[in-house]
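User: Let's go through this model by question and answer. Please keep the replies short.

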Amino acid sequence: APPQSLFRRGASLGDCGERDARGVVAWAEAARSRLRVPSMNLEGETLKGTATAASRAALDGAFARLTEEDKKRGGLGVALVGLFGPTGGGLSALEDAFQSLAAAQHVDLADDSGPPPPPFRVISEPMNELRKSLGLTSGENAVLLLRPFDGPHDALESDAGLKELQLAAIATEASLFGPESQAKAQTQPVAVVVSQDLTDSRAEEIASSQAASSSRSHARFVSLLGEWIDEARWPWTLEWSAANRNLLFTPRPGFETHVLLLLPPQDPAGGEEKGAQSNAVMKEALRRAAQTRGPGSALFIEVTWQEGGDTAGLVESLGLGVEMLPSAVVVKSSAREQKVTFFKRKDPEGVLEDDEIPPFHDGAAFESFVADVFSGKVEGESPHESPAPREPAEEEKEDDVIDEIWVAVLEDEDAFDALIENQGTLSLVEFYAPWCGHCRKLKPAYAEAAAALAASLQAGAVSSGPAVVLAKADATSPEMKPLAEKLGVQGYPSLFVAHGGAVFPYSGPRDAEGIVRSLKGAASDLGGGCLSVTEAPEVTELLGEKQDAIFALLLIPPGEVSAEDFRAFELLCLRLALQVPPADLGGRVAKCARVSGNALTALVDQGVIPAGAAPAMADAKKPALAMLKTAKASSAVSPPGLLSTPPPGGSLFSAEYGSALGLDFVRRSARPGVVAFGSNPAFEGAMKAHWVRQVLLFDDFAPDTPDAKIDQVLSFAVEALEPQLEPLALAFEKRIVFVLVNSGASEALGYFGLDANQLPAARFVDVENQRSFLVPLPPELPLGSFALPGGLSSALVAALHEAVELGLRAEGNALEPVLRSEAEEVSTVGSEPLGKIVSSQWAKIVGESSAASLVLFYDPDCGHCQKMLPEVDALAKDKAKDNAAPFFRLDVTANDPFGDGSWEMPQGVPAVR
């Protein structure tokens with residue numbers, strides 16, 4: 001898919017990975033919302049011109065909270081603060097760049113390219129004492145980079161070019177963090193690194209660019225500011241310590257590569273003094289290697305052997321002994337591939353065994369080893385190597401030669417492009433792998449369909465529409481593999497439909513007869529066979545359809561309609577016919593029709609479209625898209641201009657994008673707004689649409705009903721509530737679905753911590769993040785309030801509407817979360833090596849502890865978990881003898897993450913954190 005980038009005044013704010021209309025809009029709006037960087041929060045203290053003891057303490061606390069905020073999000077414990085004074089109108093160049101960079105730092109989170117961005121804040125008050133302490137005049141703007149501060153040496157290491165400004169900041173530390181705040185002594189102090197307009201030299205580089213436009217100048221300023229921040233916030237080296245352990249050996253992007261310099265306690269051949277000197281030489285080499293690679297390339301970590309400590313255990317786990325130190329190991333982990341690779345030094349003389357690693361005798365040898373690893377000269381070792389490609393089994397090999405004369409073979413991307421861009425051709429392209437058994441099974445049917453379509457064309461059986469061509473491409477060949485990756489091919493065979501440059505996945509039948517029928521019908525529609533409705537009697541006939549169908553209606557106003565709009569609708573019909581399986585449309589058949597003339601008025605009279613739709617379309621001279629369900633006679637209509645809303649002189653959306661918008665609209669509108677909990681296609685579809693929020697309604701829907709008939713009674717309840725709840729779901733663009741849960745579903749009630757005595761009840765459920773929220777209902781509702789013959793009361797409908805509004809707020813869910821925790825009485829923490837922990841204990845035992853912990857997340861009914869529990873229990877018992885890190889286990893079926901942000905529910909179990 002083509003890249004989509006967002007720009008502000010010429011500065012790129014990042015690329016978008018979303019591929020549907022709603023995702024793109026949400027992504028762009030989120031980026032735009034971050035252009036207004038929030039002001040500093042001092043918890044009630046006012047930012048004053050004169051620094052009082054109270055305001056100094058408040059500033060100290062605010063700086064510390066910002067760095068802690070970054071740590072909690074998995075960052076490096078840094079933050080950016082813009083110190084900007086009033087400019088008398090508009091933004092200064094530095095503030096303008098700071099605003100763009102704040103948005104840009106957050107936009108690319110989806111690409112997993114690095115650590116999370118640091119928090120950004122603005123101080124817009126004078127703060128003269130703060131400015132003075134940092135060596136700034138009252139009118140100067142500056143960017144402050146805050147990071148944990150262990151001492152002057154550590155603070156000076158971030159950027160040699162800014163030493164003077166850093167020294168000024170450190171020298172005035174007492175004025176920033178005075179005795180009053182230091183008395184608390186619980187918070188690690190913060191070093192302030194100052195960029196005064198990025199230092200004069202960098203600012204002059206922008207100002208001297210005479211030929212640059214304002215947007216180019218702004219873009220350059222943003223780039224320079226970003227470079228400085230990356231250099232200053234990333235520590236060149238880290239020391240193995242409890243404070244830094246959260247950054248080490250994690251598959252989080254940006255922390256996946258570790259260069260470990262393993263140092264002895266002292267030089268084996270000399271005293272402690274000589275050992276300290278040689279270690280200092282190696283540490284300087286580690287720093288030079290880090291600077292050579294640049295910020296963010298890896299974490300460079302110094303590990304000094306401590307007898308009986310965790311560093312000794314780490315060195316031994318890497319297959320090294322103290323006699324082999326100083327040494328180095330590079331560790332690369334991949335979150336996507338779930339793979340860890342170790343790179344170790346080999347004996348350059350080739351004399352020692354593979355498991356005997358000679359120590360480094362100088363820093364140059366270490367630097368050379370690191371350079372060889374990053375250039376690919378050192379071979380890595382992985383405990384879990386990827387399996388070699390599987391050879392086809394004997395029964396999968398071809399016995400008979402299949403005639404594929406009518407299947408076009410695409411050898412490269414140029415051939416593919418020439419095929420798909422031909423307006424006179426509707427193509428079906430198979431991407432296959434030569435060794436794939438499923439591809440071999442498809443081969444006879446695919447060849448038979450190609451031959452049948454060619455025969456129809458020769459006999460003139462296809463009177464209108466484009467010619468239909470079947471083609472295939474080897475997705476594993478060097479020429480076609482890049483194209484297969486662009487199209488998102490992940491399994492074989494993968495089939496794609498192409499027409500006039502548009503390409504999309506094929507989800508139709510895969511037998512020869514089904515392929516021919518589907519493609520012939522689609523080609524006929526492209527040739528003008530699409531239903532046209534122009535008069536009122538035709539509308540009556542349309543609404544009287546007796547089959548379950550979904551109609552996509554193009555509502556055409558009087559006057560001219562652009563060819564782009566018609567092409568978008570044409571592609572939409574093609575995608576509905578060949579891309580969307582009936583299961584995605586509630587089991588209904590997809591059909592398309594163009595509606596114009598008197599038929600528009602008839603649709604208004606029948607209540608299918610609102611009365612204002614036709615005049616609005618006429619004023620805009622743009623068509624609109626409506627979705628009609630037959631059999632149940634319910635309908636939904638989009639706002640005018642869904643397909644395209646061109647600005648003067650051009651079209652905003654391409655036809656391909658317009659068809660994607662239309663497809664999203666039809667799918668959303670077709671999705672049922674009310675389903676019954678249980679084993680049925682409607683509920684299973686709701687669970688697959690994990691981005692759709694669920695409103696669970698718990699009640700006695702089937703009193704005194706035998707188990708065998710409960711599903712039938714629930715289906716009647718769904719039909720009874722559809723007239724009230726379907727419009728409510730539609731009002732929120734089908735971003736919610738109402739789920740009816742009967743009182744007899746004890747497992748579902750137990751999961752949400754309910755019993756039959758608490759019904760009726762309702763919960764708002766975020767399936768994607770496995771969180772549930774309380775839905776407030778009118779007081780003293782009797783049992784059966786959701787199942788009354790006359791439907792829901794107006795008060796109950798209003799309560800549900802309000803709850804959905806709060807749950808879908810753009811700023812975040814405003815409903816009260818329902819957090820499950822087992823009773824602390826069932827906890828075995830302290831009495832078992834693998835102690836059972838519950839959510840309510842987490843913050844105290846794990847979250848606030850400075851020690852490391854190991855937690856096994858499990859489901860008691862999961863077979864893999866049952867197999868793993870004894871293994872981890874044995875390990876916990878063994879480690880308990882050494883007073884090692886405590887081991888805990890947590891039942892994910894009965895505990896939710898509490899709101900301190902220190903843990904999240906894993907995507908699968910068993911999982912170890």
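User: Between which helix and which strand is the loop that holds Pro-493?

Analyst: This is a predicted model, where local features need pLDDT of at least 70, side-chain atom pairs count only at pLDDT 80 or more, and totals for chains, interfaces and linings use all residues. Residues are numbered from 1 along each chain as its sequence is written, and side-chain values use heavy atoms, with hydrogens and water left out. Helices (H or I, at least four residues) and strands (E, at least two) are DSSP runs, numbered from the N terminus. Pro-493 sits in the loop between α16 (481-486) and β15 (494-499).

User: What is the geometry of the peptide bond from Tyr-492 to Pro-493?

Analyst: Read omega for this bond. For Tyr-492 to Pro-493 omega is near -10°, and the bond is cis.

User: What is omega for the peptide bond from Leu-325 to Pro-326?

Analyst: Pro-326 is in the loop between α12 (310-317) and β10 (327-334). The bond from Leu-325 into Pro-326 is cis. Its omega is near 0°.

User: How many helices and strands does the protein chain have?

Analyst: Take the chain totals together. Of its 913 residues, 45% count as buried, where buried means under 20% relative accessible area, exposed over 50% and partly exposed in between (1.4 Å probe, protein chains only). The secondary structure of the chain comes to 28 helices and 30 strands.

User: What share of the contacts with a separation of 6 or more joins residues 24 or more positions apart?

Analyst: Contact means heavy atoms within 4.5 Å. Among contacts in the protein chain with a separation of 6 or more, residues 24 or more positions apart account for 72%.

User: Are helices α1 and α22 roughly parallel or roughly perpendicular?

Analyst: Axes are lines fitted to C-alpha atoms, for helices over the stretch in contact, with angles from 0 to 180 degrees between N-to-C directions. The axes of α1 (residues 21-33) and α22 (residues 655-670) come within 9 Å and cross at roughly 105°. Angles under 35 degrees count as roughly parallel, over 145 as roughly antiparallel, 65 to 115 as roughly perpendicular and the rest as oblique. The crossing therefore makes α1 and α22 roughly perpendicular.

User: How do the residues of the α1 and α22 contact divide into nonpolar, polar and charged?

Analyst: α1 brings Ala-21, Arg-22 and Val-24, and α22 brings Tyr-657, Leu-661, Asp-664 and Arg-668. Ala, Val, Leu, Ile, Met, Phe, Trp, Tyr, Cys and Pro count as nonpolar, Asp, Glu, Lys and Arg as charged, and the others, Gly among them, as polar. The contact of α1 with α22 has four nonpolar, no polar and three charged.

User: Which element gives the most residues to the largest nonpolar core?

Analyst: A nonpolar core is a set of buried Ala, Val, Leu, Ile, Met, Phe, Trp, Tyr and Cys residues joined through side-chain atoms within 4.5 Å. The largest one has 30 residues, and those touching the most other members include Leu-697, Leu-725 and Phe-738. Elements supplying at least two residues each include β23 (693-699), α24 (710-731) and β24 (736-742). With eight residues, the top contributor is α24.

User: Which residues of α26 (794-807) does Phe-738 contact?

Analyst: Neighbours within four places in sequence are left aside. Phe-738 is in contact with residues including Val-695, Leu-697 and Leu-725. In the range of α26 (794-807), its contacts are Leu-800 and Val-804.

User: Is Leu-600 buried or exposed?

Analyst: Leu-600 lies in helix α20 (residues 598-605). Beyond four places in sequence, Leu-600 touches Leu-555, Ile-556, Pro-557, Val-595, Ile-609 and Met-617. Its relative accessible area is 6%, so Leu-600 is buried.

User: Which side chain makes a polar contact with the side chain of Glu-404?

Analyst: Glu-404 is in the loop between α13 (363-374) and β12 (407-409). A polar contact is a pair of N or O atoms within 3.5 Å; within protein, one must be able to donate a hydrogen and the other to accept it, and residues adjacent in sequence count only if both atoms are side-chain atoms. At 3.0 Å, the partner of Glu-404 is Lys-472.

User: What is the relative accessibility of Asp-704?

Analyst: Asp-704 lies in the loop between β23 and α24. Its phi is positive, near 55°, in a residue other than glycine. Asp-704 counts as exposed, at a relative accessibility of 83%.

User: What is the phi of Glu-780?

Analyst: Glu-780 is placed in the loop between β26 (771-774) and α26. Glu-780 counts as exposed because its relative accessibility is 81%. Although Glu-780 is not a glycine, its phi is positive, at about 55°.
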